[in-house]
Every structure is written in structure tokens, then in C-alpha cells.
Amino acid sequence: MSIKVEKGMVIFRRWDRHAGLDETSSSFMTLDDLFALCLQANDPLLVDRVTIEGEDSSGTRRVVTLVFQSVSISDDGSSGSRS
């Protein structure tokens, strides 16, 4: 048997002052779809994690989760210097 990806999901996180932390998701089938979803994410949506579901070479179901950490960088210079 060969390795097979069946589907993927991008989970976005957003913070709302009134509603608190919220998650929403969009599915993808190809790397092009994944790339497009990640490029479309903008404030207040942040990519939190990506899950990829499929089967390994022995036919066993597998899920790979890629987790991201988002940070804000201040332009006021107090965070250190950048070269």
C-alpha cells in the first residue's frame, strides 16, 4: 500500500474583545489550497494549526498536526534591534 493524504484542515484563531477566543476552520485538498488559505489569513484571523489526515504505507489512519505560534512585533524599537 502507498501513503495517501485524504484531507487537510487549517484552523484559524481570532481574539474578540467581547466574545473572547474563537476558532474557525477551512478544509483543503491540495498544497495549493493550503497555501492560498494561509495567504488569505489576516487580522484578526491567525493560522493556529494545520491538520493532515491520511493513511501510512500499512493502511493505518494517521493525523499529522502542525502547530504555529503567532507573535506581534512592535515597531517602537523596545523589542530589540533587527538587522
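This report walks through the fold, a few chosen residues and the salt bridges of one predicted protein model.

**The overall layout**

Let's start with the big picture. The protein has one helix and four strands, and if you read along the sequence they come in the pattern β-β-α-β-β. Of its 83 residues, 18% are buried. The accessible surface adds up to about 6,700 Å², and carbon and sulfur atoms account for 52% of that. Contacts across the sequence are worth a look too: among those between residues at least 6 apart, 45% join residues at least 24 apart.

**The sheet**

In what order do the four strands sit in the sheet? The order is S2-S1-S3-S4, in an open sheet with antiparallel pairing. S2 and S4 are at the edges with a single partner strand each, so one side of each has no neighbour in the sheet. On average, neighbouring strands are turned by 20 degrees against each other, if you ignore direction. As background, strands of a sheet pair through backbone hydrogen bonds, either parallel or antiparallel.

Now take the pairs one at a time. S1 and S2 run antiparallel and are joined by nine bridges. Within this pair, Arg 14 stands opposite Asp 22 in S2. On the other side of the sheet order, S3 (residues 46-55) pairs with S4 (residues 61-67) in the antiparallel sense, over seven bridges. Here Gly 54 stands opposite Arg 62 in S4. The hairpin of S3 and S4 has five residues between the strands, and in this hairpin Gly 59 takes a positive phi near 90 degrees.

And the helix? H1 covers residues 31-40 and lies across S1, S2 and S3, running at about 150 degrees to S2.

**Two residues up close**

Ser 25 belongs to strand S2, which spans residues 20-28. Is Ser 25 buried or partly exposed? Ser 25 is partly exposed, because its relative accessible area is 41%, and that value falls between the limits of 20% and 50%. Setting aside neighbours within four places in sequence, Ser 25 is in contact with Met 9, Val 10, Ile 11 and Phe 12. Look at Phe 12 in particular: Phe 12 and Ser 25 are 13 residues apart along the chain, yet their C-alpha atoms are separated by 5.8 Å.

Thr 51 sits in strand S3. Thr 51 counts as buried because its relative accessibility is 15%, and buried means under 20%. Which residues does Thr 51 touch, not counting those up to four places away in sequence? They are Lys 7, Gly 8, Met 9, Ile 11, Phe 28, Val 63, Val 64 and Thr 65.

**Salt bridges**

A bit of background first: side chains of opposite charge can pair when their charged atoms come close. A search of the whole structure turns up eight salt bridges. The table shows three of them.

| Acidic residue | Basic residue | N to O distance |
|---|---|---|
| Glu 23 | Arg 13 | 3.1 Å |
| Asp 22 | Arg 14 | 2.8 Å |
| Asp 48 | Arg 49 | 2.6 Å |

Take the Glu 23 and Arg 13 salt bridge, at 3.1 Å. This pair links distant parts of the chain, with Glu 23 in strand S2 and Arg 13 in strand S1 (residues 4-16), 10 residues apart. Glu 23 is partly exposed at 36% relative accessible area, and Arg 13 is partly exposed at 31%.

The salt bridge of Asp 22 and Arg 14 brings back two residues from the strand pairing, where Arg 14 stands opposite Asp 22. Asp 22 is partly exposed, with 32% relative accessible area, and Arg 14 is partly exposed as well, with 30%.

In the third pair, Asp 48 is buried at 12% relative accessible area, whereas Arg 49 counts as partly exposed at 23%. Which residues are linked in a network of salt bridges? Arg 13, Glu 23, Asp 48 and Arg 49 are.

**A nonpolar patch**

Finally, have a look at the surface. Val 64, Leu 66 and Phe 68 make a nonpolar surface patch of about 250 Å². Val 64 is found in strand S4 and counts as partly exposed, with 43% relative accessibility. You have met Val 64 already, as one of the residues that Thr 51 touches.

Terms used
Residues are numbered from 1 along each chain as its sequence is written. This is a predicted model: local features need pLDDT of at least 70, side-chain atom pairs count only at pLDDT 80 or more; totals for chains, interfaces and linings use all residues. Side-chain values use heavy atoms; hydrogens and water are left out. Buried means under 20% relative accessible area, exposed over 50%, partly exposed in between (1.4 Å probe, protein chains only). Contact means heavy atoms within 4.5 Å. Two strands pair if DSSP finds at least two bridges between them. A salt bridge is a side-chain nitrogen of Lys or Arg within 4 Å of a carboxyl oxygen of Asp or Glu. Patches are made of residues with over 30% relative accessible area and no salt bridge: like charges are joined within 9 Å, nonpolar side chains (Val, Leu, Ile, Met, Phe, Trp, Tyr) within 5 Å. Accessible areas come from the Shrake-Rupley method with a 1.4 Å probe; for residues, only the protein chains shown count as cover. Axes are lines fitted to C-alpha atoms, for helices over the stretch in contact, and angles run from 0 to 180 degrees between N-to-C directions.
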